[in-house]
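Let's take a tour of a protein fold, starting from the inside. Have a look at the model first, then read on.

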Amino acid sequence: TGIWPEAMLSVYLCSIAVIISFILGAGLGIWASNNDTGSAILRPINDTLQTMPLFVILIPFVMVFKIGEFTALLAIIAYAIVPAIRYTEHGLRNLPEGIIEAAQMMGCPKRQMLWSVKIPLALPVMMLGLNQTIMFGISMLVIAALVGTSGLGQQVYIGLGDGDFGVGMTAGIGMAIIAINADRMTAARSVKLQERYTSNPAS
């Protein structure tokens, strides 16, 4: 359909934003799961970012960095980081108490408890967080086209401005295909992790 370059640019920009969002969000989620004060600080921030109109999120980044791909990247990160934080904290705070107690009785230090016990058990929930981070990133990608991206989001606005249904629908279907593929891959990985740790918790 002639939109392959725009599609790859969208995948490239969204992938970088999702990776950064998930790494930062998972780190903040781990911190919040072990610190009630940190959780109390992050909760209203997450609520604000998740409920604020998407166009408003663009404003502070445009003020500081002007129009460009970097501004769009930061806006996507600011919006997509929320599910990564929330799902990571939720997964780590709701682990089976019996396994945690067994690990404590075996003398696991805090670092080993986190990386060898808690995170593997919470991975299925964290993968759902990754799935939502991808969906948030793709949805924000269209809004970010207002500040300088030239991917599929820009094609949507071109179709809207010109009243060209074909251009807009083609770009929209392209974004839907990208989102569906990402959703299926992360959902399948989450199911495999869930089956692995449910059938063999010791792994």
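## The main core

This is a predicted model, so treat what follows as a reading of a prediction. A good place to start is the largest nonpolar core, which has 49 residues; among them, I76 and M140 touch the most other members. Which helices supply at least two residues each to this core? They are α1 (4-33), α3 (54-65), α4 (69-93), α5 (97-105), α6 (110-144) and α8 (165-199). The largest share comes from α6, with 16 residues. As a general rule, nonpolar side chains in soluble globular proteins tend to be buried together.

Now zoom in on I76. Once you skip its neighbours within four places in sequence, I76 is in contact with L13, A17, S21, G137, M140, L141 and A144. So M140 turns up again here, as one of the contacts of I76.

## A second core and N46

There's also a second, separate core, this one of five residues, including L42, I81, V82 and I85. Two of these names, V82 and I85, come back when you look at N46: leaving out residues up to four places away in sequence, N46 touches V82, I85 and R86.

Where does N46 sit? Its place is in helix α2, which covers residues 36-51. N46 has a relative accessible area of 3%, and because anything under 20% counts as buried, N46 is buried.

## The whole chain

Time to step back. The protein chain has eight helices and zero strands, so if you read the elements from the N terminus on, you just get α-α-α-α-α-α-α-α. Measured out along the principal axes, the C-alpha atoms fill a box of roughly 65 × 35 × 20 Å. The chain has 203 residues, and buried ones make up 43% of them. Among contacts with a separation of 6 or more, 75% are between residues 24 or more positions apart.

## One cavity

How many cavities of 30 Å³ or more does a search of the whole structure find? The search finds one, and the volume of this largest cavity is about 30 Å³. Its lining is made up of L9, S10, L13, E69, L141, T149, S150, G151, L152 and G153. You've met L13 and L141 already, as contacts of I76.

Two elements give two or more residues to the lining: α1 and α7 (152-162). The most comes from α1, with three residues. By type, the lining divides into four nonpolar residues, five polar and one charged.

## Two aromatic pairs

A search of the whole structure also finds two aromatic pairs. One of them joins F65 and F70, with 5.2 Å centre to centre and 85° between the planes, an edge-to-face arrangement. F65 is partly exposed, with a relative accessible area of 40%, and F70 counts as partly exposed too, at 47% relative accessibility.

The other pair is Y79 and F136. Why does this pair count as stacked? The ring centres are 5.0 Å apart and the planes are at 25°, and planes under 30 degrees apart count as stacked. Buried or exposed, what are Y79 and F136? Both are buried. Y79 lies in helix α4 and F136 in helix α6, so the pair ties together parts that are 57 residues apart in sequence.

Methods: Residues are numbered from 1 along each chain as its sequence is written. This is a predicted model: local features need pLDDT of at least 70, side-chain atom pairs count only at pLDDT 80 or more; totals for chains, interfaces and linings use all residues. Side-chain values use heavy atoms; hydrogens and water are left out. A nonpolar core is a set of buried Ala, Val, Leu, Ile, Met, Phe, Trp, Tyr and Cys residues joined through side-chain atoms within 4.5 Å. Buried means under 20% relative accessible area, exposed over 50%, partly exposed in between (1.4 Å probe, protein chains only). Helices (H or I, at least four residues) and strands (E, at least two) are DSSP runs, numbered from the N terminus. Contact means heavy atoms within 4.5 Å. On a 1 Å grid over the protein atoms alone, a cavity is a set of points where a 1.4 Å probe fits but cannot get out, and a pocket is an open set with protein on both sides within 12 Å along at least five of seven lines; lining residues have an atom within 4 Å of a point. Grid points are joined across faces, edges and corners, and a volume is the space filled by probe spheres set on the points. Ala, Val, Leu, Ile, Met, Phe, Trp, Tyr, Cys and Pro count as nonpolar, Asp, Glu, Lys and Arg as charged, and the others, Gly among them, as polar. Rings of Phe, Tyr and Trp (its six-membered ring) pair if their centres lie within 6.5 Å; planes under 30 degrees apart count as stacked, over 60 as edge-to-face and the rest as tilted.
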